[in-house]
Amino acid sequence: MPLVALILRSTASLFRILRTRRVSRRTAFRLKLILTVAFACLLETIFHVRSHAIPRPSEDLDAPFSTQCQDPVRAAAANPREDATFVMLARNNDIKEALKAVENIERQFNQWFHYPVLFLNNEAWDPEFVRVLNASVSGEATFEVLKKEEWTFPPSTDVKHARAKIKEQGDNGVYKGGLESYHHMCRFYSGNFYRLEALRKYRWYWRLEPGVEYMCAITYDPFVEMARREKAYGFVVALWEVPETCPSLFRAVDEFRAANQIPETPMWRALIDPSWAPWPIRRLKGWLGGEHRNRNGDTWNLCHYWSNFEIADLDFFRSDTYQELFEHLDRSGGFYDERWGDASVHALAVHMLLGPDQVHHFADIGYYHDPWFQCPGNAPGGQRLDLAALGDNSRSSPESKGGIGCRCQCPDDRRRNNRGICLNTMQSPAAFHRPSFVQKWRGQYPYTINMPTARPKPR
Ligand SMILES: Nc1nc2c(ncn2[C@@H]2O[C@H](COP(=O)(O)OP(=O)(O)OP(=O)(O)O)[C@@H](O)[C@H]2O)c(=O)[nH]1
Ligand SMILES: [Mg+2]
């Protein structure tokens with residue numbers, strides 16, 4: 001390490017100066033002591049930060065599933081459907097936005113694959129919602145009403161205290177922190193969702209929110225590909241969490257990790273900003289606590305996957321370890337005392353418990369949830385104009401260099417409108433090809449890692 005060599009050399013020259021200059025023996029001793037301690041601290045800090053480096057895998061571990069249009073009719077016929085369902089949590093007054101999202105996913109994907117849609121509500125369904133949405137789904141539509149205990153405070157909660165905390169968050173302008181129903185929603189999607197009776201028969205879910213828009217045709221079955229490649233969690237957008245919503249979440253998860261002797265893997269380290277403070281100060285900071293800090297004094301970089309889109313293996317979230325993590329978080333009260341979001345809970349769990357090859361970035365999917373989007377651009381020569389099933393191509397965006405999408409209608413030339421820092425950081429354990437230091441410094445992050453064009457040559 002050139003930095004360590006430089007420090008060693010500078011310290012040696014300082015010692016030499018102290019030996020040759022005329023300073024009292026006492027002063028020289030003191031200075032040497034200070035220098036030795038400073039040197040030891042600096043070395044220790046460098047080793048600490050270096051120990052959080054993410055090793056580079058020998059090859060890219062998460063390539064896109066598809067890089068151009070495929071024949072969706074053939075794809076649907078080639079494989080039996082997985083035990084999978086769309087899930088939409090909605091209120092009766094979300095009817096317009098719910099219809100928009102369902103019509104959109106039917107047009108872009110489900111008209112060929114006919115997966116069921118499970119609609120969930122914490123209140124009785126309005127018959128009009130049921131009538132309209134039932135008619136719009138090409139698979140089976142089911143309308144479930146959640147049990148009271150699935151959409152409320154945990155039994156041990158002091159409700160008066162929790163409501164006061166919610167009000168306080170509202171007064172302090174914490175994003176959606178003042179809405180009790182939003183807290184219930186986040187808690188529900190973090191834990192009770194995975195225990196629903198209505199989901200028991202399924203292995204996979206695809207989360208669909210009212211109002212979202214898929215901007216490209218999805219001409220293969222993502223559930224089949226997830227199963228085939230043994231993936232457990234799929235996402236499209238990765239970005240920073242709103243810090244005020246969850247000051248103590250990272251510590252609570254890290255304490256669970258440490259108590260259960262779950263190792264700090266490269267995936268876990270991808271969520272950590274190691275502290276540059278020397279050991280004693282770092283430990284003191286860890287002991288004193290502080291926002292987003294664990295016991296070692298390191299902090300969470302706040303990166304998480306945006307959970308309004310998720311395709312995931314229910315068995316992962318139904319596992320004893322995940323459920324125990326949820327119980328641990330639930331007992332700590334943070335779903336109400338703070339406004340812990342299910343997106344961050346999921347991302348921390350995924351990075352604590354899964355390997356880099358089990359997480360998939362759907363780089364080929366065009367997706368918009370206000371205000372962020374990802375749109376992969378259209379694959380040159382890959383638009384399959386011969387396929388009648390894909391309809392007329394006249395409304396698609398032009399093909400673009402490096403595009404991997406199918407019949408996308410992207411809002412503009414950009415591949416995404418959120419910075420790629422979290423995507424890059426969270427995917428780094430899976431990435432053989434990474435942006436250079438200079439590219440990062442210039443803010444040039446690839447919109448997806450592991451592009452086929454950037455894959456290593458076969459050895
Ligand atoms: N039934 C029901 N659904 C809810 C309630 N609150 C939120 N949801 C649903 O939960 C999901 C997430 O809620 P949103 O309000 O979209 O929250 P968000 O996506 O985190 O935040 P935005 O960025 O504002 O969209 C959506 O599917 C909503 O329809 C509620 O009180 N009852
Ligand atoms: Mg939303």
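A residue counts as buried here if 20 or more other C-beta atoms lie within 10 Å of its own, and in this predicted model Gln-358 meets that criterion, because 21 other C-beta atoms lie within 10 Å of it. Gln-358 sits in the loop that joins helix H15 (342-353) to strand S12 (359-361). When residues up to four places away in sequence are left out, Gln-358 touches Glu-230, Lys-231, Ala-232 and Tyr-233. The C-alpha atom of Leu-288, by contrast, which is 70 residues away along the chain, is separated from that of Gln-358 by 35 Å.

**Overall architecture**

The protein contains 17 helices and 14 strands, and its C-alpha atoms fill a box of roughly 90 × 60 × 35 Å along the principal axes. Of the 459 residues in the protein, 38% are buried. Among contacts with a separation of 6 or more, 82% are between residues 24 or more positions apart.

The protein is divided into domain 1 (2-50) and domain 2 (72-361), whose centres, taken over C-alpha atoms, are separated by 50 Å. Domain 1 brings five residues to the contact and domain 2 brings four residues. On the side of domain 1 that touches domain 2, the residues are two nonpolar, two polar and one charged.

**Strand S11 and its partners**

Strand S11 (residues 310-313) is covered on both faces, with Glu-310 and Ala-312 buried on one side and Ile-311 and Asp-313 buried on the other. Strand S4 (residues 204-207) runs antiparallel to S11 and is joined to it by four bridges, and within this pairing Arg-207 stands opposite Glu-310. Strand S6 (residues 233-235) also pairs with S11 in the antiparallel sense, over two bridges, and here Tyr-233 has Ala-312 as its bridge partner. Tyr-233 is also one of the residues that Gln-358 touches.

**A three-stranded open sheet**

A further group of strands forms an open sheet of three, in the order S5-S13-S14, with antiparallel pairing. Strand S5 (213-214) and strand S14 (372-374) are at the edges and have a single partner strand each, so one side of each is left without a neighbour in the sheet. Strand S13 (residues 367-369) and S14 are paired in the antiparallel sense over three bridges, and Tyr-367 has Gln-374 in S14 as its bridge partner. The loop between S13 and S14 contains Pro-371, and the peptide bond leading from Asp-370 to Pro-371 is cis, with omega near 10°.

**Helix H6 and backbone angles**

Does the length of helix H6 (residues 159-171) fall where one would place it, or what span should its 13 residues have at 1.5 Å a residue? The expected span is 18 Å, and the end C-alpha atoms of H6 are 18 Å apart, which agrees. Just after H6, Gly-173 takes a positive phi of about 75°. Most residues other than glycine have a negative phi, and most peptide bonds are trans. The residues set out below have a positive phi, and the table gives the loop in which each is found.

| Residue | Phi | Place |
|---|---|---|
| Lys-176 | near 60° | loop between H6 and H7 |
| Arg-407 | about 50° | loop between S14 and helix H16 (421-427) |

Lys-176 is partly exposed, because 16 other C-beta atoms lie within 10 Å, a value between the limits of 12 or fewer for exposed and 20 or more for buried. Arg-407, with 26 C-beta neighbours inside 10 Å, counts as buried.

**The surroundings of ligand 1**

The shell around ligand 1 is drawn from several parts of the sequence, and includes Leu-89, Ala-90, Arg-91 and Asp-94, together with Asn-121 and Asn-122. Ser-181, Tyr-182 and Met-185 also surround ligand 1, as do Glu-209, Pro-210 and Asn-308. Helix H7 (residues 180-190) gives the most to this shell, with three residues. By class, the residues of the shell around ligand 1 divide into five nonpolar, four polar and three charged.

Note on methods. Residues numbered from 1 in each chain as written. Chains lettered and ligands numbered in written order. Predicted model: local features only at pLDDT ≥ 70, side-chain atom pairs only at ≥ 80, totals over all residues. Near = placed C-beta within 6 Å. Nonpolar A, V, L, I, M, F, W, Y, C, P; charged D, E, K, R; others polar. Expected span 1.5 Å × (residues − 1). Domains from an automatic or database assignment. Contact = placed C-beta atoms within 7 Å. Pairing = 2+ DSSP bridges.
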